[in-house]
4 protein chains.
Amino acid sequence: MTLRWGLIGGGEGSQIGPAHRLGAGLDGLFAFTAGALDHRPDEGRAYGRRLGLAPDRSYGDWREMLAGERDRDDRIDLVTVATPNATHFEITRAWLEAGFDVLCEKPMTMTVAEGEEIVRLALATGCICAVNYGYTGYPLVRHMRAMVERGDLGAVRLVVAEFAHGHHADAGDADNPRVRWRYDPAQAGVSAQFADCGIHALHMASFVTGQQVTRLSADTVSCVPGRVLEDDALVALRFDGGAVGRLWTSSVALGRQHGLTLQVFGEAGGLRWAQEQPNQLFWTPLGGRTEIVERGEGGLSPAADRASRVTVGHAEGMPLAFANLYRDLAEVIAARKAGVDPDPAADLYPRAEDGLRSMAAVHAVAESGKADGAWVDARAPIHR
Amino acid sequence: MTLRWGLIGGGEGSQIGPAHRLGAGLDGLFAFTAGALDHRPDEGRAYGRRLGLAPDRSYGDWREMLAGERDRDDRIDLVTVATPNATHFEITRAWLEAGFDVLCEKPMTMTVAEGEEIVRLALATGCICAVNYGYTGYPLVRHMRAMVERGDLGAVRLVVAEFAHGHHADAGDADNPRVRWRYDPAQAGVSAQFADCGIHALHMASFVTGQQVTRLSADTVSCVPGRVLEDDALVALRFDGGAVGRLWTSSVALGRQHGLTLQVFGEAGGLRWAQEQPNQLFWTPLGGRTEIVERGEGGLSPAADRASRVTVGHAEGMPLAFANLYRDLAEVIAARKAGVDPDPAADLYPRAEDGLRSMAAVHAVAESGKADGAWVDARAPIHR
Amino acid sequence: MTLRWGLIGGGEGSQIGPAHRLGAGLDGLFAFTAGALDHRPDEGRAYGRRLGLAPDRSYGDWREMLAGERDRDDRIDLVTVATPNATHFEITRAWLEAGFDVLCEKPMTMTVAEGEEIVRLALATGCICAVNYGYTGYPLVRHMRAMVERGDLGAVRLVVAEFAHGHHADAGDADNPRVRWRYDPAQAGVSAQFADCGIHALHMASFVTGQQVTRLSADTVSCVPGRVLEDDALVALRFDGGAVGRLWTSSVALGRQHGLTLQVFGEAGGLRWAQEQPNQLFWTPLGGRTEIVERGEGGLSPAADRASRVTVGHAEGMPLAFANLYRDLAEVIAARKAGVDPDPAADLYPRAEDGLRSMAAVHAVAESGKADGAWVDARAPIHR
Amino acid sequence: MTLRWGLIGGGEGSQIGPAHRLGAGLDGLFAFTAGALDHRPDEGRAYGRRLGLAPDRSYGDWREMLAGERDRDDRIDLVTVATPNATHFEITRAWLEAGFDVLCEKPMTMTVAEGEEIVRLALATGCICAVNYGYTGYPLVRHMRAMVERGDLGAVRLVVAEFAHGHHADAGDADNPRVRWRYDPAQAGVSAQFADCGIHALHMASFVTGQQVTRLSADTVSCVPGRVLEDDALVALRFDGGAVGRLWTSSVALGRQHGLTLQVFGEAGGLRWAQEQPNQLFWTPLGGRTEIVERGEGGLSPAADRASRVTVGHAEGMPLAFANLYRDLAEVIAARKAGVDPDPAADLYPRAEDGLRSMAAVHAVAESGKADGAWVDARAPIHR
């Protein structure tokens with residue numbers, strides 16, 4: 001069954017639009033059916049048609065799209081919100097209220113209170129509200145989670161997460177519009193690098209360990225002169241299952257491309273994984289040698305097997321990891337339509353609660369950073 | 001414009017079927033429209049319907065499919081032949097004769113004469129006959145080709161290609177049907193490991209250097225007792241542009257997963273690339289340091305840029321490389337429909353001539369292997 | 001000219017004794033001439049003789065050795081103190097007071113006040129007091145220093161240092177005497193993992209950047225139950241030249257062997273080096289590609305060239321790095337004997353001031369760790 | 001006990017002299033006692049004195065040295081021959097005839113007949129004649145040998161050896177005297193690159209597998225115009241224990257520094273090791289995952305433990321591997337003096353038979369290369 005999919009944002013020339021269209025379409029589970037792709041209505045409508053949308057479903061803005069889709073019998077099954085960060089909340093709220101399933105780009109909201117409202121709405125409406133932490137779709141990330149869950153590591157003691165790149169290291173970029181807004185509180189809110197990259201690392205740490213952050217202490221700095229928001233942050237963390245965390249994120253680390261890595265150390269073994277070489281996982285049991293776990297090898301966990309598409313030794317990359325989120329969503333939506341429970345191995349997509357947790361962490365990092373690294377509560381207000 | 005695509009072979013449980021459906025559908029350029037998926041007609045028809053084919057276009061065998069598609073106005077734009085090797089020739093020939101564009105799995109044929117006939121037919125009909133050497137779809141493989149072409153390496157002196165894995169190393173697999181047929185001349189022809197993997201390495205060497213093999217000397221051995229055909233081969237080569245070649249391929253190399261690597265050494269620099277870490281290319285200019293070229297970085301060649309889908313630092317893998325072949329084909333088909341010349345950067349798919357060249361090389365390797373490594377002519381009989 | 005060398009500590013079965021004898025003797029610059037190798041006098045004397053010491057110069061303890069050596073015409077030119085940590089201060093002080101040049105194992109002292117006294121004594125006597133931070137003897141570490149010094153990186157913004165291993169991860173080692181003492185304040189002082197490994201990483205950061213730490217905030221934890229002192233620490237730092245620091249050290253990181261790594265990020269480029277692959281350095285100029293700098297390649301800095309012994313491509317390792325400290329000392333001692341200034345490229349050995357700085361950092365880490373990560377002054381009291 | 005050691009060749013400015021002095025002296029087992037270091041007598045005598053030789057033992061040439069040492073009571077225990085290749089035979093023969101133990105640089109001789117004579121002489125005199133294949137001194141190379149010997153791999157099927165560098169890739173070096181002689185038959189004999197590097201790879205293959213080459217087929221080429229001897233060779237091999245071999249060696253492989261690697265594939269597992277990362281060994285048991293074996297880890301073979309000097313995680317490099325040969329020799333010489341059998345774990349140094357085997361292989365490669373890759377007998381004429 002092919003589901004109908006709509007996209008808000010992701011206009012011509014954006015990076016995120018093609019990425020979502022690729023991810024949603026990759027397995028043929030979603031057909032691109034409706035869109036409001038640009039903040040300039042005419043450009044958006046024209047681009048949508050060029051991409052094959054029916055003229056009446058290539059909309060000028062998200063409100064028009066919501067009005068148009070709301071009452072159709074063949075209305076879209078899922079809408080993706082890929083607009084500028086500050087608009088995520090308003091749009092996501094409106095579509096949830098209208099009873100649509102939503103996949104929202106990260107960050108889901110700009111404040112914790114907004115995050116709470118989205119969580120509440122998703123609960124009240126029974127709609128899916130997923131958040132795009134695409135890196136947890138990698139098969140070996142899911143295998144790490146399965147290993148922790150089944151106890152291979154014993155109790156997790158320590159999680160070391162990193163997301164470092166050097167793409168904002170050039171002081172000459174002060175007036176580059178693609179860079180400047182990111183460090184401007186008026187547009188980016190209370191945090192730049194942690195909110196942009198750090199939350200991916202933190203979400204992955206929680207996804208793999210099954211533990212949520214409780215408290216943290218952050219050192220946030222602006223290495224490039226003139227920036228108000230941080231371009232580098234070091235965070236010490238505590239998790240609710242007893243694990244200790246260390247997280248470093250930077251955008252001035254020249255030579256690092258997209259350095260998202262995770263190390264998990266438990267009583268009985270340690271794991272190491274890096275996004276830039278995602279098809280190998282390094283596993284060291286206590287007292288034993290480091291073993292190289294290959295994506296696609298025999299005997300992996302069901303969650304890893306389900307997320308793999310090609311045989312062992314063939315590199316898989318980010319677009320397939322990302323597509324796994326869409327595949328999860330397709331299965332969960334299809335299960336709901338069929339009135340059955342979804343396969344637990346498919347039910348791994350990040351949800352509104354994760355978006356809210358990230359927002360709590362972002363604000364905690366900003367608060368701690370301003371308070372000379374004081375330990376602050378970073379728990380998300382999730383009340384069920 | 002979405003093109004209509006059909007698939008022959010790739011039945012339920014096969015690896016190759018999902019890979020082709022993923023590659024063809026990944027960019028939304030081809031819609032899966034018709035198929036004859038299984039040598040058992042009923043199973044094939046039922047599987048096709050489960051995959052969403054219209055009942056009248058889910059056929060029982062390729063002849064029925066050819067009869068059904070031949071005269072439709074909305075007939076398929078491209079058919080992929082993914083059946084057992086020995087049937088490629090007959091099926092490809094029939095579809096070309098009927099005026100269809102074809103993508104044939106490798107090896108295209110079992111004999112050189114058959115290969116010649118396919119080349120002749122493609123020329124006579126004006127149809128596309130592509131062959132699935134999917135690894136040359138990797139962006140950095142295309143960048144290597146561009147670097148050679150624009151002279152960065154100067155004259156190419158030496159090409160070292162390797163394709164080693166260890167998946168057939170278990171002597172206990174003697175009766176494993178997934179392995180056994182590969183080493184049986186009745187089913188696999190004159191060569192096993194070279195025909196299965198070696199030709200990928202050789203095709204890549206030619207693709208990158210723009211040179212074709214003229215002569216070769218091969219040492220073919222069966223490391224696992226009881227095998228008639230080789231599971232390991234070492235080949236010395238000469239190319240028509242003056243380059244010397246070294247090629248090693250093995251299926252008993254325990255610890256190697258899918259070890260396709262290429263090194264190219266010229267007067268002015270050297271290149272090294274490996275399929276298992278496909279997003280980095282190592283380039284050493286004469287007298288300079290080795291540099292790490294990243295897929296997606298700024299300033300790469302148009303051919304590389306065109307083959308990339310996500311930003312630098314995000315891993316891309318085999319399915320996207322493979323999809324690049326389908327994308328090339330879509331562009332070339334669309335250009336022909338529009339009556340224009342295709343973009344040269346899209347016109348890189350491997351064609352019938354490459355399939356014929358591989359067949360010539362396979363037979364030369366087998367001949368040399370039997371003749372104690374005597375140097376033999378490996379040129380394909382291509383006459384235009 | 002071969003110098004006479006003496007060793008205190010490093011008895012039979014120790015790891016550190018053979019390492020020092022190897023390092024001191026490797027270039028033939030020092031002849032092992034006197035020793036007090038064991039806290040049990042008879043065992044020490046016997047072992048020294050077995051190692052080739054003259055009977056009258058194989059002493060029962062360091063006091064006897066000092067008495068014996070003090071008035072000889074052919075007294076030793078350098079003494080190495082490789083005894084348990086808590087004794088370093090007393091022994092080093094006594095030998096300096098007697099006018100000997102000393103190489104002291106790290107940590108040089110247990111308190112900052114003791115460190116100050118050693119610095120004062122070295123200054124007062126004019127004797128060398130070196131401290132064994134052997135990892136800064138690696139040629140490419142010295143090259144990093146030279147690159148920073150000559151401005152290749154511009155202003156250094158960020159230093160990321162790491163020293164992680166997993167050799168104390170086994171909770172079952174609670175009663176293992178080789179492990180237990182390390183986490184016991186009575187024997188190890190105020191810090192375990194930071195004092196053992198962290199100070200190597202911090203010293204290297206200062207050595208390379210030429211900047212000293214001013215303030216720090218630390219999160220120190222004991223992952224293995226029952227430990228009083230920390231087995232894992234995360235430290236945020238500020239340096240006197242404006243750089244920001246991030247340092248992580250752990251002894252429970254299963255899978256890491258001896259993970260000392262340094263990354264330095266400046267305005268104009270970034271560097272990455274790892275002790276376990278010490279013959280390659282990764283250098284990324286702003287706007288350029290990452291280059292692989294090879295130990296021994298042409299055109300490196302004089303400091304790197306001087307520290308290399310074999311041609312490019314041949315692995316060099318820790319013992320040679322360590323020997324570079326002894327070689328530095330031999331040259332400086334020889335220069336002093338000759339009444340000339342030492343070659344600045346040889347004058348790179350870590351000195352009493354560095355030992356004092358480490359002690360200040362150790363106490364600052366312990367203090368901050370106890371105070372919930374409060375930022376504390378970490379400057380060493382060096383007054384000249 | 002320190003042995004007395006002499007060196008012939010290795011004059012000022014050479015690379016090989018310092019390497020031997022470092023290797024011989026590293027463990028303090030040999031004292032540099034006599035030398036004839038330069039073909040210019042005065043320069044050699046002066047240089048030897050500057051290096052600390054007694055004036056009467058710093059000789060003008062090897063004949064003077066032999067005359068001087070022959071009848072001394074304290075004559076040297078071992079002499080190293082590190083002169084130009086073409087002189088190895090004559091000098092080694094003379095010293096063996098005079099009853100000295102000799103370590104000869106590779107190649108031991110220029111012809112097979114000379115090699116036979118050296119083997120015969122070593123046997124007749126009972127003297128040690130070792131040949132400097134220093135790379136087999138690496139601890140993990142010795143561990144590979146132990147693994148094969150104790151059967152971890154089952155029967156060895158396949159050995160893949162490589163020694164590639166790019167240091168002679170510059171066509172502009174035609175008149176560079178450091179390069180030119182290597183490709184000139186008048187000075188280098190019948191082979192250049194195979195004789196220089198290939199025999200290291202082949203020796204290592206035999207050392208690890210315990211098998212000797214019987215037949216081979218070679219493709220030898222000169223990639224750089226104007227060279228008479230080969231700068232690149234591909235060799236197919238057969239070994240007397242049934243293994244098949246593949247060997248590639250090159251001096252025009254730009255980007256490779258000193259690429260000596262060995263892969264061994266057996267019925268029950270595969271091994272991979274590389275000289276440029278010598279402290280890790282990759283071991284894949286049949287049906288299992290690849291494991292990373294670390295030099296210095298617990299539970300390695302006695303031969304590996306004995307060859308290690310520092311604890312796990314500390315890089316060891318080439319000079320220590322090389323020193324293991326001298327250490328082996330010291331132990332064997334000491335055992336002979338003591339009238340006991342040497343420790344079998346020490347008795348691993350390459351001997352005259354290995355030098356003869358290399359010479360047989362060199363001539364076989366040259367012969368096969370000239371005969372279009374015909375298979376030729378490569379067995380050494382060893383008759384006992």
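**Across the B–C boundary**

Which residue does B:Ile292 stand opposite in S13(C)? The partner is C:Thr290. Keep in mind as you look that this is a predicted model.

That pair belongs to a bit of strand pairing between two chains. Strand S13 of chain B (residues 290–294) and strand S13 of chain C (residues 290–294) run antiparallel, and three bridges join them. As for the contact between these chains, five residues come from chain C and five residues from chain B. On the chain C side, you'll find two nonpolar residues, one polar and two charged.

**How B and C are related**

Now try laying one chain on the other. A turn of 180°, with a shift of 0.0 Å along the axis, puts chain C on chain B with an RMSD of 0.0 Å. The two copies are therefore related as by a two-fold rotation axis. If you want to find that axis from the chain C side, look for C:Glu291: its C-alpha is the nearest to the axis in chain C, at 2.2 Å.

What about the surfaces that meet? Of the interface residues of chain C, 100% are also interface residues in chain B, so the copies meet through the same surface.

**Two domains in chain A**

Let's move over to chain A, which is split into domain 1 (3–134) and domain 2 (137–312 + 352–370). Notice that domain 2 is written as two stretches, 137–312 and 352–370. Measuring from C-alpha centre to C-alpha centre would be the natural way to place them, and the computed value puts domain 1 and domain 2 of chain A 26 Å apart.

The two domains touch, with 18 residues of domain 1 of chain A and 17 residues of domain 2 of chain A taking part in the contact. On the domain 1 side, helix H5 (112–125) and strand S5 (129–131) of chain A each give at least two residues. H5(A) gives the most, with six residues. Sort the residues on this side of domain 1 by class and you get twelve nonpolar, four polar and two charged.

**Where A touches C**

Chain A also has a contact with chain C, and here 35 residues of chain A meet 35 residues of chain C. Strands are what to look for on the chain A side: those that give two or more residues are S6 (156–164), S7 (213–221), S8 (232–239), S9 (244–250), S10 (259–266), S11 (269–274) and S12 (280–285) of chain A. Which of them gives the largest share? That's S9(A), with four residues. By class, this side of chain A has 17 nonpolar, ten polar and eight charged residues.

**A helix with two faces**

Chain D offers a nice helix to look at, H2 (residues 41–50). Its buried residues are D:Gly44, D:Arg45, D:Tyr47 and D:Gly48. Why do they count as being on the same side of H2(D)? Because they cover an arc of only 165° around the axis.

Turn to the face of H2(D) that points away from the buried side, and you'll meet the exposed residues D:Asp42 and D:Arg50. Strand S2 (30–36) of chain D is included in what covers the buried residues of H2(D). Just after the helix, D:Gly52 takes a positive phi of about 100°.

**Some backbone oddities**

Most residues other than glycine have a negative phi, and most peptide bonds are trans. With that in mind, here are some exceptions to find on screen.

In chain A, the peptide bond from A:Lys106 to A:Pro107 is cis, with omega near -5°. A:Pro107 sits in the loop between strand S4 (102–104) and H5 of chain A. Chain D has a cis peptide bond too, joining D:Lys106 and D:Pro107, with omega about -10°. You'll find D:Pro107 in the loop between strand S4 (102–104) and helix H5 (112–125) of chain D.

Then there's the sign of phi. B:Asp372 isn't a glycine, yet its phi is positive, at about 60°. B:Asp372 is in the loop between helix H12 (352–370) and strand S14 (376–377) of chain B. Is B:Asp372 buried or exposed? Neither quite fits: with 13 other C-beta atoms within 10 Å, B:Asp372 is partly exposed.

In chain D, D:Asp372 has a positive phi near 60°. D:Asp372 lies in the loop between helix H12 (352–370) and strand S14 (376–377) of chain D, and counts as partly exposed, with 13 C-beta neighbours inside 10 Å.

Technical notes:
Residues are numbered from 1 along each chain as its sequence is written. Chains are lettered from A and ligands numbered from 1 in the order in which they are written. This is a predicted model: local features need pLDDT of at least 70, side-chain atom pairs count only at pLDDT 80 or more; totals for chains, interfaces and linings use all residues. Domain bounds come from an automatic or database domain assignment. Two residues are in contact if their C-beta atoms, placed from the backbone, lie within 7 Å. Ala, Val, Leu, Ile, Met, Phe, Trp, Tyr, Cys and Pro count as nonpolar, Asp, Glu, Lys and Arg as charged, and the others, Gly among them, as polar. A residue is buried if 20 or more other C-beta atoms lie within 10 Å of its own, exposed if 12 or fewer, and partly exposed in between; C-beta atoms are placed from the backbone. Two strands pair if DSSP finds at least two bridges between them. The arc is that of the directions from the helix axis to the C-beta atoms. Copies are superposed by least squares on the C-alpha atoms of residues with pLDDT of at least 70 in both.
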